[in-house]
Amino acid sequence: MGRILFVAFVATFVAALAVVVGMPLSAQETAPASGQRESMAARFTAMDTDHDGKLSKAEWVAGGRNERGFDMMDADHDGFLTMAEIKAGREKMRAMREAKGN
């Protein structure tokens, strides 16, 4: 029973993280193509309205993302997201998906 709950939790977390960072859940895209990386950088730049190289929660939400996603991605809990934190979150999601076997 405990293992089933753990697997359900991991699956839910991966799905939520996918929604947060805008990644598809399909196994066909295990690594972002060059255009996707550029798109991620372009989205980051567009959301960074004060051009300080990081996203505040307000910028994140104004960019159409949810607050819960921001909190999940803010690894150092400083109230800002850097491109490195977003990339790390995507990699974590990818690793979880691969460990799950998808």
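Me: Which side chains meet in a salt bridge with an N to O distance of 2.9 Å?

Reply: In general, a salt bridge is a side-chain nitrogen of Lys or Arg within 4 Å of a carboxyl oxygen of Asp or Glu. Here the side chains of D71 and K57 form such a pair, at 2.9 Å from N to O. D71 belongs to helix 4 and K57 to helix 3 (residues 57-62), so that the pair links distant parts of the chain, 14 residues apart. The model is predicted: local features need pLDDT of at least 70, side-chain atom pairs count only at pLDDT 80 or more, and totals for chains, interfaces and linings use all residues. Residues are numbered from 1 along each chain as its sequence is written, and side-chain values use heavy atoms, with hydrogens and water left out.

Me: Are D71 and K57 buried or exposed?

Reply: Buried means under 20% relative accessible area, exposed over 50%, and partly exposed in between (1.4 Å probe, protein chains only). D71 counts as partly exposed, at 42% relative accessibility, and K57 also counts as partly exposed, at 27%.

Me: How many salt bridges does this rule count?

Reply: The count comes to two. Besides D71 and K57, the side chains of E91 and R94 meet at 2.4 Å, N to O. Because E91 and R94 are three residues apart in helix 5 (residues 83-100), about one helical turn separates them. E91 is partly exposed at 46% relative accessibility, whereas R94 is buried, with a relative accessible area of 7%.

Me: How many helices and strands does the chain have?

Reply: Helices (H or I, at least four residues) and strands (E, at least two) are DSSP runs, numbered from the N terminus. This chain has five helices and two strands. Their order from the N terminus is α-α-β-α-α-β-α.

Me: Which residue in the loop between helix 2 and strand 1 should be examined?

Reply: H51 lies in that loop, between helix 2 (34-47) and strand 1 (55-56). H51 has a positive phi of about 55°, although it is not a glycine. With 64% relative accessibility, H51 counts as exposed. A further case is H77, with a positive phi of about 55° although it is not a glycine. H77 is placed in the loop between helix 4 (67-73) and strand 2 (80-81), and counts as exposed at 66% relative accessibility.

Me: What percentage of the residues of the chain count as buried?

Reply: Of the 102 residues, 31% count as buried. As for contacts, meaning heavy atoms within 4.5 Å, 57% of those between residues at least 6 apart in sequence join residues at least 24 apart.
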